[in-house]
Amino acid sequence: MTTAADYSEKIPNNVGLHEDRRLQRALESWQPDFLSWWGSMGPALPTQDVYLRTAINVGREGWAHFAHVPMPEYRWGIFLAERDPGRRIGFGEHKGEPAWQKVPGEYRSALQRLIVVQGDTEPASVEQQRNLGATAPSLYDLRNLFQVNVEEGRHLWAMVYLLHAYFGREGREEAAELLRRNSGSADAPRILGAFNEETPDWLSFFMFTYFTDRDGKYQLGTLKESGFDPLSRTCEFMLKEEAHHMFVGTTGVDRVVERAAQLMTEHDTDEVAARGGIPLDVIQKYLNFHYSVSLDLFGGETSTNVANYYTAGLKGRWNEPRRNDDHKLTSESIMVDTLGDDGQIGQAEVAALTGLNTDLRREYIADCQTGVNRWNRILDSAGIEFRLRLPHVAFNRQVGAFAGIEASPSGDILSAEEWERRKGSWLPTDVDKTHVRSLMRPVHERGKIAAWIAPPRNGINGKPFDYEYVHFP
Ligand code: BYC
């Protein structure tokens, strides 16, 4: 198996697609449906071409090629990380056995389910971000949005390849369904909650790419450990692309915070809304929202699904090889967050296997905290006392142990009335959203940037900020 992609084919790939005519034909018949979905649900803003990165190799160095590309002509392809012929399953009851190159019959439906759930999120995010181009704060940001979009499209291809190649007719049907469900649709919504929420403005986009794409990083990290080798290799390569998406989120929020801090200092006031910025308390509310809906994406605090996935060798832990235990967990336990019989938030000891969603969520939370620290350093160096913080794990949850209660960002349980009365100070209100939206006027002029956000420190791929990242018709 070579690592370089074959671009002479209709569908660029490094999986030797031309050797399997049936599979090739099946994917080539899905391709026009994908393109028609991209045309109707993908980026709405008309452009001539965009300075985009395209994957050309899966090796460590030089895996991407940058050039101006008309978006519908982007070469979405199928790339798996290089195969390690000696790879063995690293956890669960099959630990030590050779990794599977085919789907084991007894795990077929569970694996298919995991791949469908993963695949469903990718086009969903493109749909959520469809209209953002019209209000981009700069050409640099516009280009980053489109980069994220085309790569989420490629991640959809990655999952569709697995469905077509390994799951027969049912897999092909599921691949068609991935284009039929739509974010926010009343009849056929996307599978997971966060992917049916709107991304109506750029602060939401940055929060989404910081918090929700980061869930993607952790979920892909667990699927990268999978005993099913093609899934593992697919996820490994997706993670490489994912890093840029989170960079967009981290630095996007940096720049919004930095601009708010500048306006506060310049005008010696907290009232930055009147000065064209986004107030820190509104940034906090957006953070609260995106963080809490992303926590839901990890499933329940305890879950028999996740225990079964792990034992079967389908879905591992974050950093599985570096965990210092037997990688089977049959006799281990873990403390998870619970709602006690007394109605209070506490902890309970459960079997480590059923607590694996909690284990992963905790890894994620620790990672989320690093961004918050970074944003607070920006405030600190501007001499501003306000600090951003992650709300309590029970705050605004719709899935898991806290789905049935309301809690404040500091973790106090509230009555339904008190929640209704106070939620406007913790989650974006219509007034906050209207204000943020009112700032979202497009700046599509080379080298210019909207007033609510600071310019980036660097451009893309060594290009300056004032590079013509996007050409218009
Ligand atoms: N919304 O046993 P439980 C990304 C369902 S993001 C709606 O606790 P489990 C990306 C659940 O399906 C990463 N329903 O759940 C980011 C189950 O239903 P069944 C996406 C939910 O299975 C940005 C029931 O509730 N990848 O890549 O342990 C841009 C009981 O739940 C939700 C994956 O998620 C929810 N939030 O864990 C682009 C990886 N949560 O079985 C892309 C694959 C749970 O009773 N998925 N339910 O009918 C999984 O590993 C697991 O399915 C989950 C849920 C972690 C999602």
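Is His 327 buried or exposed? I started my notebook with this one, and His 327 turns out to be buried, with a relative accessible area of 11%. I should jot down right away that I'm working from a predicted model.

**Entry: odd backbone angles**

I looked up where His 327 sits, and I found it in the loop between α8 and β3 (333-339). Its phi caught my eye: His 327 has a positive value near 60°, and it isn't a glycine. I reminded myself that most residues other than glycine have a negative phi. So I went looking for another case and landed on Asn 396, whose phi is near 55°, again positive in a residue other than glycine. Asn 396 lies in the loop between α9 and β5 (406-407). I checked its cover too: Asn 396 has a relative accessible area of 10%, under the 20% cut-off, so I wrote it down as buried. I also noted a glycine with a positive phi, Gly 168, at about 55°, just after α3.

**Entry: helix α3**

That glycine sent me to the helix before it. How far apart are the end C-alpha atoms of α3? I got 41 Å for this helix of 28 residues (139-166). At 1.5 Å a residue the span should be 40 Å, so the two values agree. Next I looked at how covered α3 is, and 26 of its 28 residues are buried. At the N-terminal end I found a cap: Ser 138 has a side-chain oxygen 3.3 Å from the backbone nitrogen of Tyr 140.

**Entry: rings**

I turned to the aromatic side chains and got 36 aromatic pairs in the structure. I picked Phe 205 and Phe 206 to look at: their ring centres are 5.7 Å apart and their planes meet at 45°, so I filed the pair as tilted. Phe 205 and Phe 206 are both buried.

Then I tried Tyr 210 and Trp 375, which form an edge-to-face pair, 4.8 Å centre to centre with 65° between the planes. I liked this pair because it links distant parts of the chain: Tyr 210 is in helix α5 (residues 202-223), Trp 375 is in helix α9 (residues 356-381), and their positions lie 165 residues apart in the numbering. I looked up the cover of each partner. Tyr 210 has a relative accessible area of 1% and is buried, and Trp 375 counts as buried at 0%.

I also came across a cluster that ring pairs hold together on paper: Trp 30, Phe 34, Trp 37, Trp 38, Tyr 74, Trp 76 and Trp 157.

**Entry: charges over rings**

What sits over the ring of Tyr 210? I found the charged end of Arg 214 there, 4.0 Å from the ring centre. Arg 214 is in helix α5, and at 6% relative accessibility I count it as buried. I also checked Arg 214 against Glu 97: they are 117 residues apart in sequence and 31 Å apart in space, C-alpha to C-alpha. For a second charge over a ring, I noted Lys 463, which lies over the face of Tyr 467 at 5.3 Å from the ring centre.

**Entry: Glu 301**

I went to the loop between α7 (280-296) and α8 (304-312), where Glu 301 lies. Its relative accessibility is 3%, so I put it down as buried. Which side chains does the side chain of Glu 301 make polar contacts with? I found Arg 361, at 3.2 Å, and Arg 397, at 3.3 Å.

**Entry: the ligand**

Last, I looked around the ligand. How many residues surround it? I got 28, and the closest are Gln 118, Gly 300, Ser 303, Lys 315 and Asn 357. I took a few side chains in turn. Gln 118 has a side-chain N or O atom 2.6 Å from a nitrogen atom of the ligand. Asn 357 has a side-chain N or O atom 2.9 Å from an oxygen atom of the ligand. Thr 121 puts a polar side-chain atom 3.4 Å from a ligand oxygen. I finished with the cover: on its own the ligand has 1000 Å² of accessible area, and the protein covers 79% of that.

Note on methods: Residues are numbered from 1 along each chain as its sequence is written. This is a predicted model: local features need pLDDT of at least 70, side-chain atom pairs count only at pLDDT 80 or more; totals for chains, interfaces and linings use all residues. Side-chain values use heavy atoms; hydrogens and water are left out. Helices (H or I, at least four residues) and strands (E, at least two) are DSSP runs, numbered from the N terminus. The expected span of a helix is 1.5 Å times one less than its number of residues. Buried means under 20% relative accessible area, exposed over 50%, partly exposed in between (1.4 Å probe, protein chains only). A polar contact is a pair of N or O atoms within 3.5 Å; within protein, one must be able to donate a hydrogen and the other to accept it, and residues adjacent in sequence count only if both atoms are side-chain atoms. Rings of Phe, Tyr and Trp (its six-membered ring) pair if their centres lie within 6.5 Å; planes under 30 degrees apart count as stacked, over 60 as edge-to-face and the rest as tilted. A charge sits over a ring if NZ of Lys or CZ of Arg is within 6 Å of the ring centre and within 35 degrees of the ring normal. A residue is near a molecule or strand if one of its heavy atoms lies within 4 Å of it. Accessible areas come from the Shrake-Rupley method with a 1.4 Å probe; for residues, only the protein chains shown count as cover.
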